Amino acid sequence: CSVALLDPDEGAVVIRAVSDLPADQVQRSRYALGEGVIGWVVQNGKPARVDRVAEDPRLREPGPWPVASLISVPLIADGRPIGALSATSPDPDAFTDEDLEVLNAFADQAVIAVKNARLYLSVQGRRSELEAMLRGIGDAVVATDARLRLTVLNPIAAQIFAVRRGVSAGQRLAEVIDSHDLV
């Protein structure tokens, strides 16, 4: 099985993960939209079942693994294909329509995982930008959640309140800053 995701900047579909292979051994194969079965699935947003790979004109060389049949389904997010989930077999005629339906169900779960990963990366990027801005502000900035647990403490605030090293988000403000008035 493999997961391929569309890289919108390049307009290419890139294999990001392959089952039974460590991440450092995954060949980052690229397919143009419409190229190969994976590129075709992403471009058309439709599943494909190829019972005999050697007879399908869409298939490009699959790599070092023997592949005689395959199924592939699009990963659809917000109504648009963002990639494909594929399974292969060294045997011809290995897959049924039921297998395609099962793979499609897995694809729905994979889309959720991809969206969550992208959201996490986006939030991390924005958090890094915010932290850089806060470090550069000349004023003290202290922020807490509703339970008075520290969420942000910039270096100026740490200096003003003589905060010791090793303070982390989530600690109670009263444990970090010895200032009854502030708390």
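Start the tour at the second largest pocket, which has a volume of about 430 Å³. Before you click further, keep in mind that this is a predicted model.

**Stop 1: the pocket**

Select Leu150, Val152, Leu153, Asn154 and Val167: of the 19 residues that line the second largest pocket, these are the closest to its centre. Now colour by element. Those that give two or more residues to the lining are α2 (97–136), β8 (150–153) and α3 (155–160). Which of them gives the most? That is α2, with 5 residues. If you are thinking about the chemical character of the lining of the second largest pocket, its residues split into 10 nonpolar, 4 polar and 5 charged.

**Stop 2: the hairpin of β7 and β8**

Stay with β8 and add β7 (142–144) to the selection. The strands β7 and β8 run antiparallel and are joined by 3 bridges. For a pair to look at, pick Ala143, which stands opposite Val152 in β8; Val152 is also one of the residues closest to the centre of the pocket you just left.

Next, follow the chain through the 5 residues between the two strands, where Leu148 takes a positive phi near 60°. That is a positive value in a residue other than glycine. Is Leu148 buried, partly exposed or exposed? With a relative accessible area of 37%, Leu148 is partly exposed, because that value falls between the 20% limit for buried and the 50% limit for exposed.

**Stop 3: strand β6 and its two partners**

Move to β6, residues 80–89. This strand is mostly covered, with 7 of its 10 residues buried. Show its partners one at a time:

- β1 (residues 2–7) runs antiparallel to β6, and 4 bridges join the two. Select Ala4 to find Ala84 of β6 opposite.
- β5 (residues 69–77) also runs antiparallel to β6, with 9 bridges between them. Here Leu70 stands opposite Thr88 in β6.

Then zoom in on the turn of the β5 and β6 hairpin. It has 2 residues between the strands, and Asp78 takes a positive phi near 55° there.

**Stop 4: the loop after β6**

Follow the chain onward to Asp93, in the loop between β6 and α2. What is notable about its phi? The angle is near 55°, again positive in a residue that is not glycine. Asp93 is partly exposed, with a relative accessible area of 41%.

**Stop 5: the nonpolar core**

Now select Ile71, Val73, Leu75, Ile82, Leu85, Leu103 and Ala107. Within the largest nonpolar core, which has 15 residues, these have the most contacts. The elements β5, β6 and α2 each supply at least two residues of this core, and the largest share, 6 residues, comes from α2. So α2 is worth showing in both places: it gives the most to the lining of the second largest pocket and the largest share to this core, with helices counted as DSSP runs.

Centre the view on Val73 and display its surroundings. Leaving aside residues up to four places away in sequence, Val73 touches Val41, Pro47, Gly83, Ala84, Leu85, Leu100, Leu103, Asn104 and Ala107. Ala84 should look familiar as the residue opposite Ala4.

For a last selection, try Tyr31, Val41, Ala48 and Leu70. They are among the 14 residues of another core, which lies apart from the largest one. You have met two of them already: Leu70 as the residue opposite Thr88, and Val41 as one of the residues that Val73 touches.

Terms used
Residues are numbered from 1 along each chain as its sequence is written. This is a predicted model: local features need pLDDT of at least 70, side-chain atom pairs count only at pLDDT 80 or more; totals for chains, interfaces and linings use all residues. Side-chain values use heavy atoms; hydrogens and water are left out. On a 1 Å grid over the protein atoms alone, a cavity is a set of points where a 1.4 Å probe fits but cannot get out, and a pocket is an open set with protein on both sides within 12 Å along at least five of seven lines; lining residues have an atom within 4 Å of a point. Grid points are joined across faces, edges and corners, and a volume is the space filled by probe spheres set on the points. Ala, Val, Leu, Ile, Met, Phe, Trp, Tyr, Cys and Pro count as nonpolar, Asp, Glu, Lys and Arg as charged, and the others, Gly among them, as polar. Buried means under 20% relative accessible area, exposed over 50%, partly exposed in between (1.4 Å probe, protein chains only). Two strands pair if DSSP finds at least two bridges between them. A nonpolar core is a set of buried Ala, Val, Leu, Ile, Met, Phe, Trp, Tyr and Cys residues joined through side-chain atoms within 4.5 Å. Contact means heavy atoms within 4.5 Å.
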